Amino acid sequence: MQPLTGRSRVVENPKMTFWEKIYLPAILGGISITIRHFFRRKATIRYPEQQRKFSPVYRGLHVLKRDDNGAERCTACGLCAVACPAEAITMTAAERENGEEKLYREEKYAAVYEINMLRCIFCGLCEEACPKEAIFLTDRLVSTDFNRDGFVYGKDKLVEAADNRVDVSKRQTPEVLKFKQHKNHSHNL
Ligand code: SF4
Ligand code: SF4
């Protein structure tokens with residue numbers, strides 16, 4: 001039957017030449033390619049003994065920042081989750097109780113905040129969307145795991161330790177800081 005596309009054609013079965021039949025030229029050609037690669041610069045490195053230098057704009061594992069007094073900056077507004085193209089972020093908001101002012105900067109905070117690292121594409125849009133300077137991407141790596149659940153990072157892994165702050169100054173270039181000094185964006189400071 002004639003196919004609808006009319007793109008069919010009869011496949012020829014040409015006879016092999018003498019040199020093709022003895023396979024020797026093809027084998028020598030293959031070996032020469034292998035030998036050439038011995039002397040080329042290797043594309044691989046011996047990780048983890050050797051490590052590559054990261055690009056200055058590398059975006060890795062997120063951090064949820066605390067303010068200067070040690071209180072969590074995140075106010076569970078959800079803007080990062082809305083901005084996330086991979087729908088990797090989920091959170092549950094809660095209201096700050098009396099006496100918790102030192103723990104949470106605003107009256108609303110994230111009781112649960114999770115990022116699914118298997119969904120995340122490390123685009124940085126959550127960082128750009130955050131009006132509270134609460135979330136940043138860093139040059140840290142997401143650890144390997146044997147279990148998918150292990151890639152859902154909660155506050156225990158995301159919030160920085162009060163006594164071991166994560167430096168995000170590289171993410172705040174002079175241009176970014178200048179932009180944030182604009183009075184319309186002053187809440188970002
Ligand atoms: S880096 Fe991009 S993909 Fe990952 S959580 Fe943030 S917005 Fe979503
Ligand atoms: S990280 Fe920023 S954008 Fe996301 S919920 Fe917290 S305050 Fe809002």
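Two residues are in contact when heavy atoms of theirs lie within 4.5 Å. The model is predicted, so local features need pLDDT of at least 70, side-chain atom pairs count only at pLDDT 80 or more, and totals for chains, interfaces and linings use all residues. Residues are numbered from 1 along each chain as its sequence is written, chains are lettered from A and ligands numbered from 1 in the order in which they are written, and side-chain values use heavy atoms, with hydrogens and water left out.

**View 1. Contacts of Y113.** Leaving aside neighbours within four places in sequence, Y113 is in contact with residues including L64, C74, C80, I89, I135, Y153 and L158.

**View 2. The largest nonpolar core.** This core, a set of buried (under 20% relative accessible area, 1.4 Å probe, protein chains only) Ala, Val, Leu, Ile, Met, Phe, Trp, Tyr and Cys residues joined through side-chain atoms within 4.5 Å, has 23 residues. Those with the most contacts inside the core are I89, Y113, I115, M117, I135 and L158.

**View 3. The surroundings of ligand 1.** Of the 13 residues around ligand 1 (a heavy atom within 4 Å), C84, C120, C123, G124 and C126 come nearest. The shell comprises 11 nonpolar (Ala, Val, Leu, Ile, Met, Phe, Trp, Tyr, Cys and Pro), two polar (the others, Gly among them) and no charged (Asp, Glu, Lys and Arg) residues.

**View 4. The surroundings of ligand 2.** Around ligand 2 there are 14 residues, of which C74, C77, G78, C80 and C130 come nearest. By class, 11 are nonpolar, two polar and one charged.

Technical notes:
Buried means under 20% relative accessible area, exposed over 50%, partly exposed in between (1.4 Å probe, protein chains only).
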